[in-house]
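Please look over the sequence and the structure below. The paragraphs that follow go through the fold, its cores and some of its side-chain pairs.

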Amino acid sequence: MSREKTHLTKLLGFLAVLGLLALGLFSHYIWLIMSDNLGTFHNTTDLADLDGDGDLDVILHNVRNESEFTAFAVTTLWFNQGSEQFVARRLEGAQGESGWASAAGDVDRDGDADLVVFPGWYLRLILNQGGAQGGQTGEFRVNNVVSALEKPAQFGSVVLGDLNNDGQVDGIVVGCCGRAFTLEPDEDTPNISWAWINTWDDGGGLASHASILSALDGLAMRSAALGDLDGDGDLDLFAAVLAPGQGRNRDPADRVLINDGSGKFTDSGQRLGETDSTAVALGDLDGDGDLDALVGTGRGATVWINQGGAQGGHDGTFALSGQEISGSQTRAVFLSDLDDDGDLDALIAGLRQAAIWWNDGQAALTRSSQRFRYSNRHGLAVADFDGDGQLDIFAAEYSKDCRVWFNQGDGTFRAARRP
């Protein structure tokens, strides 16, 4: 073979390799675009100092479900390293299953943050190995299971709080969006919600009981929040209700459940709104000392004002503020004082971008000009991540693409430096 033919053969081979690489990159890009348009993403976060170093870490939970199976269910622990850097570690193997949702709280009362994971029909407790375990803080091991009274194998989430004022972390399982696995298109959606009362015994370990929240039977809820809504010192429940395409209960009105102080909840009888609710955050928006509600919907958000306090009505009863925040579908809402003026502002997150709404102190919200952009694979959180007393904004997808915007204290945010 002549030298010219040899060079030509090598050149053609090189071009073929480049072509395959380009085709692979193009195919991956197309797959990413297509995957963003498949199924339903449900990305949630919780905050805790997981490794005991004094700063807040993020527990990120990603779920993407198709019509008949779950494509992804991943729990990622994002450890705050300081200096504007986070390191991701996926929860898997001996550390426990991911399930559909997770939250953080000191389950065993030993001073460190444990994880409570909801795999669809029970709660799995994954204990931090610091504290009473005598191991490394920030390492996690499966401990025990909290069984539900019914096992519907459903999607849902978990919200933690002390429900019976005994100083221990309890929880609410919020049933959502039908069965995790079903092949029957007309199968009745279970959407079972239940309360878990933790009675951890330092000598004997876990002892607990569960009770069905009958007032929420058949309702699909993507979000719920605990707070003292009626001013009696215990945690009540504000449930943001979806109207599923099928199932036992298609009423989209939000519910308020009142706690009797022992972890038993009764329906207040209120039916709030007529639009699918996708998210909820509680906070005192009008500065009168009681908890109001910011509710994300399929068409933006609404503000519900607690009629106690300055309204002179009954604590725990809600009325619309009169302001309708129009927009696209909302996936998450947060209430935090983002400009350090003493009142709670709102971060309203859509599918691919979020915006701040400034509060005038009387629950009237005005949209800011700054936008925070991400993909629909990202979960968001709001907290002081750099210890300067200002609340920052965090977004990440699975164990990659962590974005943090740091609060400058004047109503503007600066993107974190890339490593």
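**A guided reading of the model**

Both Glu-397 and Arg-377 are buried. These two residues carry opposite ends of a salt bridge, with the closest N and O atoms 2.7 Å apart. Glu-397 belongs to strand β26 (residues 392-397), while Arg-377 sits in the loop between β24 and β25 (379-383), so the pair, 20 residues apart, links distant parts of the chain. The model in which this pair is found is a predicted one.

The overall picture comes next. The protein contains one helix and 28 strands. It has 419 residues, of which 52% count as buried. Of the contacts with a separation of 6 or more, 46% are between residues 24 or more positions apart. The surface that the protein exposes comes to about 18,100 Å², and carbon and sulfur atoms supply 51% of that area.

How far the coordinates can be read depends on the place in the chain. The mean pLDDT of the protein is 85, and 82% of its residues reach 70 or more. Among the elements, strand β15 (residues 255-259) has the highest mean pLDDT, 98, and helix α1 (residues 3-36) the lowest, 50. Over residues 25-37 the pLDDT stays under 50, and for this stretch the model has nine contacts beyond four places in sequence. Where pLDDT is low, predicted coordinates should not be read in detail.

The interior can be approached through its nonpolar cores. In soluble globular proteins, nonpolar side chains tend to be buried together. Here the largest nonpolar core has 22 residues, and those with the most contacts inside it are Val-116, Leu-123, Trp-194 and Trp-196. Strands β6 (114-118), β7, β9 (154-161) and β11 (194-198) each supply at least two residues of this core. Leaving aside residues up to four places away in sequence, Trp-196 touches a list of residues that includes Val-107, Val-116, Leu-123, Leu-125, Val-146 and Leu-160. Asp-170, Ser-208 and His-209 are also among the residues that Trp-196 touches. Apart from the largest core lies another, of 17 residues, among them Leu-213, Leu-219, Leu-237 and Val-241.

Aromatic rings give another way into the structure, which holds nine aromatic pairs. What kind of pair do Phe-372 and Trp-405 form? Their ring centres are 5.4 Å apart and their planes stand at 75°, so the pair is edge-to-face; planes over 60 degrees apart fall into that class. The pair links distant parts of the chain, with Phe-372 in strand β24 (residues 365-373) and Trp-405 in strand β27 (residues 400-407), 33 residues apart. Phe-372 has a relative accessible area of 0% and is buried. Trp-405 counts as buried at 11% relative accessibility, because the cut-off for buried is under 20%.

Phe-385 and Phe-394 form an aromatic pair of the tilted kind, at 5.8 Å centre to centre and 45° between the planes. Phe-385 is buried, with a relative accessible area of 4%, and Phe-394 counts as buried at 0%. Ring pairs join Phe-385 and Phe-394 with Trp-78 and Phe-86 into a cluster.

The charged side chains remain. The count of salt bridges comes to five, and the pair of Glu-397 and Arg-377 described at the start is one of the salt bridges. In another, the side chains of Glu-84 and Arg-414 meet at 2.6 Å, N to O. Glu-84 lies in the loop between β3 (70-82) and β4 (85-90), and Arg-414 in strand β28 (residues 413-415), so this pair links parts of the chain 330 residues apart. Is each partner buried or partly exposed? Glu-84 is buried, with a relative accessible area of 14%, whereas Arg-414 is partly exposed, with 32%.

Glu-139 forms a salt bridge with Arg-89, and here the closest N and O atoms are 3.6 Å apart. Glu-139 lies in the loop between β7 (122-128) and β8 (140-147) and Arg-89 in strand β4, so the pair ties together parts that are 50 residues apart in sequence. Glu-139 counts as partly exposed at 28% relative accessibility, and Arg-89 counts as partly exposed at 25%.

Methods. Residues numbered from 1 in each chain as written. Predicted model: local features only at pLDDT ≥ 70, side-chain atom pairs only at ≥ 80, totals over all residues. Heavy atoms only, no water. Phe/Tyr/Trp six-rings, centres within 6.5 Å; stacked < 30°, edge-to-face > 60°. Helix = DSSP H or I, 4+ residues; strand = E, 2+ residues; numbered from the N terminus. Buried < 20%, exposed > 50% of the residue type's maximum accessible area, 1.4 Å probe, protein only. Salt bridge = Lys/Arg side-chain N within 4 Å of Asp/Glu carboxyl O. Contact = heavy atoms within 4.5 Å. Areas by Shrake-Rupley, 256 points an atom, 1.4 Å probe, with all protein chains shown as cover. pLDDT = per-residue confidence, 0-100. Core = buried A, V, L, I, M, F, W, Y, C linked by side-chain atoms within 4.5 Å.
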